[in-house]
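The following exercises ask the reader to work from a three-dimensional model to a description of its sheets, its enclosed and open spaces, and its charged contacts. Each task is followed by a solution in steps.

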Amino acid sequence: MNILHIDRASWDRGVLKSGESYLLTGPVRDKNTHVFKDLKNGELPDMDYTETKLSPKALLFPKSEVMLTYTTNPDAPDCNIMKEPAKAYPKRAVIGIRPFDAKAVEILKLNFDTDEYKDPYFLNAYNACTFVGLAINTPSITDFSTSCGTGPFDEAGLDVLVVSVDDGFLAKILTDKGKAWADAAGFSTAAGADAESLIEEMKQKAEAQIASRVSFDNIAGKTVLELFDADHWQDSAFGCINCGTCTYACPTCWCFDIQDETYGTEGVRIKNWDSCMTSLFTLHGSGHNPREHAWQRTRQRFMHKLKYFQDKYNQGIMCVGCGRCIKQCPANIDIRDVCETMNK
């Protein structure tokens with residue numbers, strides 16, 4: 001295990017230096033929140049940020065992405081032939097990603113990297129990334145990540161775990177990709193012998209601050225129909241306006257739609273984020289909608305997150321406990337309460 005010590009000034013210089021070899025992406029302030037974006041020349045990630053309203057998943061799974069291009073011009077030699085557009089996938093260092101968001105990327109990968117099908121767009125972007133995580137010293141009141149198989153200091157999906165300490169940062173190198181980024185940044189000062197124990201102490205302190213707990217042990221043992229036909233769903237969905245905020249804010253939601261757009265004889269096939277909370281999501285061409293009512297769509301979201309995913313992958317629930325949906329829901333629907341209800 002390799003742990004480096006980096007003072008604040010050296011951190012800034014090193015991050016900028018790594019930008020000579022990597023496309024840098026990180027959290028920057030945007031009005032009253034932070035967003036993950038590609039950093040301009042000389043721009044630094046804000047390592048003092050608390051959270052972002054949207055997760056960094058759009059780096060790998062964009063809100064809208066051109067998959068194929070085509071022409072219907074009968075005089076063109078490639079008429080009606082779908083072609084993959086030329087795309088560049090430069091080495092990217094995602095700096096400051098929170099551990100639960102890195103864990104969410106691993107969950108997304110289950111959908112886009114299967115034995116039957118591998119999404120080249122997601123995987124090309126994923127393979128080009130080096131994930132430099134930032135531990136959470138002070139979890140928010142809606143953080144329940146420790147119940148979801150991750151946590152404020154979790155290392156899953158990360159290449160480097162950076163921990164903010166009084167005199168700078170401790171950087172725990174986890175993979176060869178992480179070491180390559182640290183080398184490109186010029187970080188080489190080994191931390192003291194007590195660094196590992198300090199990180200462990202800070203981890204335990206951060207986890208102890210998380211008061212929210214969810215239990216889903218009973219959900220796995222129930223049949224789908226027992227939960228699907230339960231009598232609490234209309235109450236659990238009371239107030240839901242199907243705005244879809246929870247799905248767009250969620251770092252593990254992976255639903256998408258594919259549409260064609262044509263301009264004269266030129267066309268593109270586009271993959272767009274979609275949401276199971278909208279009435280159009282399951283609307284049939286016949287006009288029939290198997291999820292006609294708003295509460296049925298709310299049920300679908302929670303059944304997918306808390307039951308269907310568990311049954312298919314046996315890796316816990318499709319949630320990393322970041323708390324974004326809790327904070328942003330205009331109807332104050334809390335996934336922790338729904339999970340508790342289902343578990344009982």
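The exercises below concern this predicted model.

**Exercise 1. Determine the strand order of the seven-stranded sheet and identify its edges.**

Solution. Step 1: the seven strands are arranged as S1-S8-S7-S6-S5-S2-S3, and the sheet is open. Step 2: the pairing within this sheet is mixed. Step 3: strand S1 (2-6) and strand S3 (33-38) each have a single partner strand, so one side of each is left without a neighbour in the sheet. Step 4: from one strand to the next, the twist averages 25°.

**Exercise 2. Describe how S6 and S7 pair, and state which helix packs on the sheet and touches S7.**

Solution. Step 1: strand S6 covers residues 129-134 and strand S7 covers residues 160-165. Step 2: three bridges join S6 and S7, in the parallel sense. Step 3: Leu134 has Val162 of S7 as its bridge partner. Step 4: the helix is H5 (residues 195-208), which packs on the sheet and touches S1, S7 and strand S8 (168-173). Step 5: the directions of H5 and S7 make an angle of about 80°.

**Exercise 3. Analyse the three-stranded sheet in terms of order, edges and pairing.**

Solution. Step 1: the order is S4-S10-S9, in an open sheet with antiparallel pairing. Step 2: S4 and strand S9 (256-263) are the edge strands, each pairing on one side only. Step 3: the twist here averages 20° from one strand to the next. Step 4: between S4 and strand S10 (residues 266-273) there are seven bridges in the antiparallel sense. Step 5: one position in this arrangement is Thr71, which stands opposite Glu266 in S10.

**Exercise 4. Characterise the largest pocket by volume, lining and residue class.**

Solution. Step 1: the largest pocket holds about 340 Å³ of space. Step 2: its lining comprises 20 residues, and those closest to the centre are Tyr49, Thr50, Arg98, Ile136 and Thr138. Step 3: by class, the lining of this pocket contains eight nonpolar, six polar and six charged residues.

**Exercise 5. Characterise the largest cavity, and state which helix gives the most to its lining.**

Solution. Step 1: four cavities of 30 Å³ or more are present in the structure. Step 2: the largest cavity has a volume of about 170 Å³. Step 3: of its 18 lining residues, Cys240, Cys246, Met277, Cys329 and Ile333 are the closest to the centre. Step 4: helix H9 (245-249) and helix H10 (294-313) each supply at least two residues of this lining. Step 5: H10 gives the most, with three residues. Step 6: the lining of the largest cavity divides into twelve nonpolar, five polar and one charged residues.

**Exercise 6. Locate the partners of the salt bridge between Lys327 and Glu51 along the chain.**

Solution. Step 1: side chains of opposite charge can pair when their charged atoms come close. Step 2: the structure holds 17 salt bridges. Step 3: in one of them, the side chains of Lys327 and Glu51 meet at 2.8 Å, N to O. Step 4: Lys327 belongs to helix H11 (residues 324-328), whereas Glu51 lies in the loop between S3 and strand S4 (64-71). Step 5: the two residues are 276 residues apart, and the pair thus links distant parts of the chain.

Notes:
Residues are numbered from 1 along each chain as its sequence is written. This is a predicted model: local features need pLDDT of at least 70, side-chain atom pairs count only at pLDDT 80 or more; totals for chains, interfaces and linings use all residues. Side-chain values use heavy atoms; hydrogens and water are left out. Two strands pair if DSSP finds at least two bridges between them. Helices (H or I, at least four residues) and strands (E, at least two) are DSSP runs, numbered from the N terminus. Axes are lines fitted to C-alpha atoms, for helices over the stretch in contact, and angles run from 0 to 180 degrees between N-to-C directions. Contact means heavy atoms within 4.5 Å. On a 1 Å grid over the protein atoms alone, a cavity is a set of points where a 1.4 Å probe fits but cannot get out, and a pocket is an open set with protein on both sides within 12 Å along at least five of seven lines; lining residues have an atom within 4 Å of a point. Grid points are joined across faces, edges and corners, and a volume is the space filled by probe spheres set on the points. Ala, Val, Leu, Ile, Met, Phe, Trp, Tyr, Cys and Pro count as nonpolar, Asp, Glu, Lys and Arg as charged, and the others, Gly among them, as polar. A salt bridge is a side-chain nitrogen of Lys or Arg within 4 Å of a carboxyl oxygen of Asp or Glu.
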